[in-house]
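Trainee: Could we go through this model together, feature by feature, so that I learn how each one is read?

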Amino acid sequence: MNASDAGRKAASPVAVVTGAASGIGLEIAIDLAARGYRIAACDIAWPDEAIQRIRGADGEALCIRADVADQAAVDAAVQESLRRFGRIDVLVNNAGLFTTLTRGAADAIDPQEWRRVMDVNVTGTWLFSRAVLAPMRAQRRGRIVNITSATAFSTPPSMLHYVTSKGAVTAMTSALAREVGVDGITVNAVAPGFTLSSGVRLHRAEGLEVQSARARSARAIPRDQEPRDLLGAVAFFAGDESGFVTGQTLVVDGGGVMR
């Protein structure tokens, strides 16, 4: 690498992506890297594939193992990102529990599973957002992009814990945006529909075609949703073009939910 290449990389914006080891988070991390971001890929699992693919494309990436529901781990991940890159421009709160959850009636949900969903999906989003506010305020600029869910608006049955958690993240997006706009920080959310991520294909293989057909039939664009369908929306909220947009949730689901 020559001096000009090193300088260009050092000047590139930095994006922290949680849940980057697989699925939607992996695709977001790789896409943002292709758009010129330096990436801190965080996950409770080791995000090897993200790092290998980003570095293989001559991108710069840092691999961090962290449980988003653990405040000490979150704070350490943010500090490690700052030590490596010197700044954080974008946080994508993608980590969440969905594919491994037990579906069932509201009064049949295990309270332990309920608490874990809230810890990861809601508290984890808050903890990471909380941790990046100081460095973003110091630089008078930041973008927080939360990955919520179209289920917060369609409210399907047998998923009360998941739907409730994503409704909370949707509300958090607007409430936090109210607080931090004065600091030059925007907070927006992308709400996917039922997406054929690697996690869905792995953990929900049984009955997948039935669920996919149901999702397709509810959409104005009647096809399966893939992780790549979300990338443009995330990149928009992460970039300069959305600098006067905050507190918004954009549903990306092929027109299953229209607001």
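Trainee: Where does Arg140 lie, and what is notable about its phi?

Mentor: This is a predicted model, and in it Arg140 sits in the loop that runs between helix H5 (111-139) and S5. Its phi is positive, at about 60°, although Arg140 is not a glycine.

Trainee: Which other residue has a positive phi although it is not a glycine, and where is it placed?

Mentor: Asp58 has a positive phi of about 65° and is likewise not a glycine; this residue belongs to the loop between helix H3 (48-56) and strand S3 (61-65).

Trainee: Is Asp58 buried or exposed?

Mentor: The reading rests on a cut-off, since a residue is called exposed because its relative accessible area is over 50%, and buried when that value is under 20%. Asp58 has 52% relative accessibility and therefore counts as exposed.

Trainee: Let us move on to the strand that follows the loop of Arg140. How many residues of strand S5 are buried?

Mentor: In strand S5 (residues 142-147), six of the six residues are buried, so the strand is largely enclosed by the rest of the structure. To read a strand of this kind, one can take its two sides in turn: Gly142, Ile144 and Asn146 are buried on one side of S5, and Arg143, Val145 and Ile147 are buried on the other, which leaves both faces covered.

Trainee: Which strand is joined to S5, and by how many bridges?

Mentor: Strand S4 (residues 90-93) is joined to S5 by four bridges, and the two strands run parallel. Within this pairing, Leu91 is the residue that stands opposite Ile144 in S5.

Trainee: Are the faces of S4 covered or open?

Mentor: Both faces of S4 are covered, with Val90 and Val92 buried on one side and Leu91 and Asn93 buried on the other. S4 also pairs with strand S1 (residues 14-18), in the parallel sense and over three bridges. Here Val16 stands opposite Leu91 in S4, the residue that also stands opposite Ile144 in S5.

Trainee: What surrounds a single buried residue, for instance Ala40?

Mentor: Ala40 is found in strand S2 (residues 38-43), and its relative accessible area of 0% makes it buried. If its neighbours within four places in sequence are set aside, Ala40 is in contact with Ala15, Val16, Val17, Leu62, Ile64, Ser81 and Phe85. Distance along the chain should be kept apart from distance in space: Ala40 and Arg178 lie 138 residues apart along the chain, and their C-alpha atoms are separated by 26 Å.

Trainee: What do the values for the whole chain add to this picture?

Mentor: The protein chain has 10 helices and seven strands, and buried residues make up 52% of its 259 residues. A compact globule with 259 residues would have a radius of gyration near 18 Å, and the chain agrees because its own value is 18 Å. The C-alpha trace spans about 55 × 35 × 35 Å along its principal axes. Of the contacts between residues at least 6 apart in sequence, 70% join residues at least 24 apart.

Trainee: And how do the surface and the charges read?

Mentor: The chain exposes about 11,900 Å², of which carbon and sulfur atoms supply 53%. There are 28 positive and 27 negative charges, and their mean positions are 3 Å apart.

Methods:
Residues are numbered from 1 along each chain as its sequence is written. This is a predicted model: local features need pLDDT of at least 70, side-chain atom pairs count only at pLDDT 80 or more; totals for chains, interfaces and linings use all residues. Side-chain values use heavy atoms; hydrogens and water are left out. The radius of gyration is taken over C-alpha atoms; the globule rule is 2.2 Å times the number of residues to the power 0.38. Buried means under 20% relative accessible area, exposed over 50%, partly exposed in between (1.4 Å probe, protein chains only). Contact means heavy atoms within 4.5 Å. Accessible areas come from the Shrake-Rupley method with a 1.4 Å probe; for residues, only the protein chains shown count as cover. Lys and Arg count as positive and Asp and Glu as negative; His and the chain ends are not counted. The place of a charge is taken as NZ of Lys, CZ of Arg, CG of Asp or CD of Glu. Two strands pair if DSSP finds at least two bridges between them.
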